Protein chains: 2
Amino acid sequence: MAVADGGFRALDEKSLIEYIRATPALSSLLGDDLRALTVKEVGDGNLNFVYIVISSSGGSIVIKQAIPYIRCIGESWPMTKERAYFEALTLREHGRLCPAHVPEVYHFDRPLSLIAMRYLKPPHIILRKGLIAGIEYPLLAEHMSEYMARTLFFTSLLYRSTSEHKREARSNKFDLNREERWREDATADDICNGKGQQQWGSYKAGKQRRGEKNRSKPAIIAEYCGNVELCRLTEQVVFSDPYKISQYNHWTSPYLDQDAETVREDDILKLEVAGLKSMFCERAQALIHGDLHTGSVMVTTDSTQVIDPEFAFYGPMGFDIGALVGNLILAFFSQDGHSDNGKDRKVYKQWILKTIEDTWNLFHKKFISLWNEHKDGNGEAYLADVYKKPELWFLVQEKYIKDLFHDSLGFGAAKMIRRIVGVAHVEDFESITDAERRAYCEHRALEFAKMILKERQRYDTIEQITSALQNIPS
Amino acid sequence: MAVADGGFRALDEKSLIEYIRATPALSSLLGDDLRALTVKEVGDGNLNFVYIVISSSGGSIVIKQAIPYIRCIGESWPMTKERAYFEALTLREHGRLCPAHVPEVYHFDRPLSLIAMRYLKPPHIILRKGLIAGIEYPLLAEHMSEYMARTLFFTSLLYRSTSEHKREARSNKFDLNREERWREDATADDICNGKGQQQWGSYKAGKQRRGEKNRSKPAIIAEYCGNVELCRLTEQVVFSDPYKISQYNHWTSPYLDQDAETVREDDILKLEVAGLKSMFCERAQALIHGDLHTGSVMVTTDSTQVIDPEFAFYGPMGFDIGALVGNLILAFFSQDGHSDNGKDRKVYKQWILKTIEDTWNLFHKKFISLWNEHKDGNGEAYLADVYKKPELWFLVQEKYIKDLFHDSLGFGAAKMIRRIVGVAHVEDFESITDAERRAYCEHRALEFAKMILKERQRYDTIEQITSALQNIPS
C-alpha cells in the first residue's frame, strides 16, 4: 500500500477490505458477515481503479478510487485525484435531477478520493461493448435523452436565476439531503486545499469538531472552476493535440499517415476547432458530464446508467450531446469491421442510425417540454414577460435548439477526430484486428467528422445527418 | 451616522474626517495638518457617495463609499455594498495592467465599503460632460484603445493558460505588491461572508493576528461570481426591462410612446437581445469593466482615466467596447440638440465619428500587437504549435476580431436602446431641455441602434458604421 499526499493511500484488494470493515456506512450495506467479501478490480477505463465488492449475504457495492496520475499512461502524467470530488459532487447533482439513470452514491472519502456507489449488476455492460457486440438497446435513446434533457435543462439559466447559477441553487424545488448539505458547507477554499468534510458519512461529527455552524454556501460555477485540471486534459486531447505533432498522438499506421497529416494541415478545420475550444473554455451554459461517450454509459435492455462524470464542469451543453452522438457515429462506422463475425450488421447499422435520430429528437422534445413547463419559473435567460407572445416564444426556442444542434455536431465531430488520430482511441475500432480494414472504417469516419465540423451550419435536422451517413459510398 | 450590517456605517462629511484622522494610511497622504481638511461630496452617479478631501498642505484624495442600496432610486432598491470590493479589486487589477489610465487605490476598507484613491484634479471632468460641451479630446481614442486592449487581452485566454484564467494568474510577469498579495490571500469564502482582511493598510498585522500563512489562492472567475448582484442589475436594465412593461422604464413622452412600444413588440430585436444576454451571463472571456460608458471616464486634453469598475466580472469583451462606442454614438446623436448654443456642432460631430473610428481601429491594432507579442506565451486559446502557419495565424486573428466587432456592435446597440427607453438615461439627451427636440435626437439614435442590433453581421469595418451614421437623413 503506497502512502502519498494528505492522508491519501492507494488501496489494493486487501486494504480495501480493511477499509470497508472500518467504515460503518459501507459495512452496513454489505450485511453482517464481512469475513467473506469478494473483491474484484475491474477498472478498464483510462484513469482510475474500480472494485466490485460482494458479500456472502448478497450485499454489493462498487468502490472507485482515483489515483494522482492517469492510469493508462502512468505516473509520468500526473492528474489530480481531486477529480473524485467532482465526480461525487456531479453524481449527486445529476442523480438528484435524474435518479433513474445515475447510480446512487453511498459514501465519499475525500482524502482517499474514494467513492462507494451502487453496483450495476449483470447483465449491465458498458454501452460501447454492447455496440461492438451488435446488441440493440430499445430504450437507449429514450433514457439518454431523458438524462441529457433533465441534467442540462435544470442546471442552465433556462431554469435557474443568474444568482442560483453563479452562486447556489438555493430555491430549487428538491429537498436537500444530508450529503447535499455537506456539499453546501464545503467552500471553494476547501476544494483548493483538499480540506473540508472528510466523509459524507461523518458529516455532523466533522462539523461539530470544527466548531462550524453557518458557513457560506459555495459558488456553483466557482466550485467547478476547481476541476480545471480535468478540463485542461480535455482541452489538450480533444482540441489541441490532434491538430499538431504530439508524442501522444497515434493512428493506424501507415494507412492513416496521410489522414493524420491532412488534419494537421487543414486550416479551415483548425479555425472551427478554435471556436469550439473557446466555447468549451469560456461558456458556463450548464453543469455538463464532460465525458459522455459510450464508455460512460452502462446498459441492459431496460436500464441505462450514466457513470464517470469526473470531467464535469459548467460548460457548453453541446459537448455532452455531441460526445454521445459522435460516439454512436463512431460505432456506426466501426460496424463494417465487425460484420463478418457470422452476423450481418446492416440491420444493426440502421438501428444505430435510428437511435441517433431518436436520441436527438427525443432530447429536443423533452428539453422543450421542460422549458415550457417552467417558463414562469426562476429561469432568467428568456423572461416570460419579454417573450410571452406564442410566435416569439417559438422563435426563441427554435433558435436555441438550432444553435445547440450545431454546437453538438461540432463537438461530436471533434470528439470523433480525436479518437482516430489522438491519444485515446475507442474499442469500437481497436477491436478490429485487421489493420487495413480498421483503417478503412476509421478513414471514412474521419472524413465524415471533418465534413461535419466544417459544414455543420448547413444541417438543420438530425435526419439530414443520418441520411448523409446512409449515403456515404463504400 | 447610520449604523448598519457587519460594522458598516454610512459616513458623512464629519464622520469621514474622523475616519481619516484615525487611519494612518490616509492621514499620511494628506500631510501633517489634519485640522484644515476640506471635504466635498461630489457623487453624481447613480449608486454611491464620493468625497473629495483636500488638506491645507496640498494633499488630496478621493473617498468613495458604497451604500447598501441604489442611491438614485433609494432604499427601495437594495444593492450589495460588496460592489466596493469588486471595484477595488478591479481598479488594482486593471491599474496593474494599464497604470496610465486607471487611478491609484490607496486604501480599501471592506466593512465600510470604502475606497480611497487618487483625486483626479481639475481640469479633469467626466467625459460625457465634455462631449456635451463640445470639447475635443485629441488623445481619447489613443488612451481608451490602450486601456481596452491591455485590460481585455491580459485577462483573456489569449494571454493566460486556462488554469490561470479559472484559478489564479500565478505566472504572469507583473510583480505582486502588498495589496495584490492581500487579494491572493482572500478566498471566495471570505468574499461570500464579507470576512477576510479588513484593510489593505493593515495587511500584515491582520495576517499575523489570524495566524494564517499559506491560504489557497482564490479562483479568479470564481471570485467575480460573487459580483452577481451587480451583473443582475445589468441583466435587468440592459437586456430585460426595455423590452417589456416595467415600472422603471421611461422615455420622452408623448413623442416616443410609439417608439417604446415598437421596441417591446419587435420580435427580431428581442431574439437578438436574448443571444447577447446569454453571452453576458455565460461567457467568461475576460475581466471586463462592465460599465464602460462615457460617464466612467474622466478626461483632460492629455489625460484619460477610467473609473467606477464596480460592475466588473468575467464577461464578454464586446460589452466594454460596445459600451464606449455606443455612448459615443449617443453623444453624436445628441449634438443636434446642443448645436444652437452659439457653437456649430458639425465639426464636432465629425470629430466624434473620427474618434469612434480611431478607438476601434487603434484597439484592433494594439490588441493584435499584444497577441503577436505574446504568441509563444502561456495563452492557450490558440496554441502556436497548432496555428503557427502565417496565413492561418492571420485567419484566426481576423475571425477573432470580426466576432469581437459584431459582439461590440450588438452590445453597444443594446446599451443605446436602454438609455432611451429604459430606467437610466444619459445627460447627453437629458440636458436637451426642449422635449420635442430631445425626442427627435433620441428617435434617430434609437432607430440606428435597432438597425445595428439586428443587422450587425452585415458590417465588417467601423468606417461602414460611421458612414451609415453620416448618411442618416435629417
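These questions and answers cover the interface between chain A and chain B in a predicted model.

Colleague: How many residues of chain B are in contact with chain A?

Modeller: Contact here means heavy atoms within 4.5 Å. On chain A, 52 residues take part. On chain B, the number is 52.

Colleague: About how much area do chain B and chain A bury between them?

Modeller: Carbon and sulfur atoms carry 56% of the buried area. B:K166, B:L271 and B:E282 supply 15% of what chain B buries against chain A, more than any other three residues. Between them, the two chains bury about 4,800 Å².

Colleague: Which residue of chain A meets B:D267 in a salt bridge?

Modeller: Six salt bridges are found across the interface. In one of them, B:D267 is the partner at 3.0 Å, N to O. The side chain it meets belongs to A:K389.

Colleague: Which helix of chain B gives the most to the side that touches chain A?

Modeller: Between the chains, 22 residue pairs are in polar contact. Elements giving two or more residues to chain B's side include helix 11 (228–240) and helix 17 (390–421). The top contributor gives nine residues. That is helix 13 of chain B.

Colleague: What relation links chain B to chain A?

Modeller: A turn of 180° with a shift of 0.0 Å along the axis lays chain B on chain A, with an RMSD of 0.0 Å. So the relation is that of a two-fold axis.

Colleague: Which residue of chain B comes closest to the rotation axis?

Modeller: The copies meet through the same surface, because 100% of chain B's interface residues are also interface residues in chain A. The closest C-alpha of chain B lies 1.9 Å from the axis. The residue is B:A222.

Conventions: Residues are numbered from 1 along each chain as its sequence is written. Chains are lettered from A and ligands numbered from 1 in the order in which they are written. This is a predicted model: local features need pLDDT of at least 70, side-chain atom pairs count only at pLDDT 80 or more; totals for chains, interfaces and linings use all residues. Side-chain values use heavy atoms; hydrogens and water are left out. Buried area is the accessible area (1.4 Å probe) that two parts lose on being put together, summed over both. A salt bridge is a side-chain nitrogen of Lys or Arg within 4 Å of a carboxyl oxygen of Asp or Glu. A polar contact is a pair of N or O atoms within 3.5 Å; within protein, one must be able to donate a hydrogen and the other to accept it, and residues adjacent in sequence count only if both atoms are side-chain atoms. Helices (H or I, at least four residues) and strands (E, at least two) are DSSP runs, numbered from the N terminus. Copies are superposed by least squares on the C-alpha atoms of residues with pLDDT of at least 70 in both.
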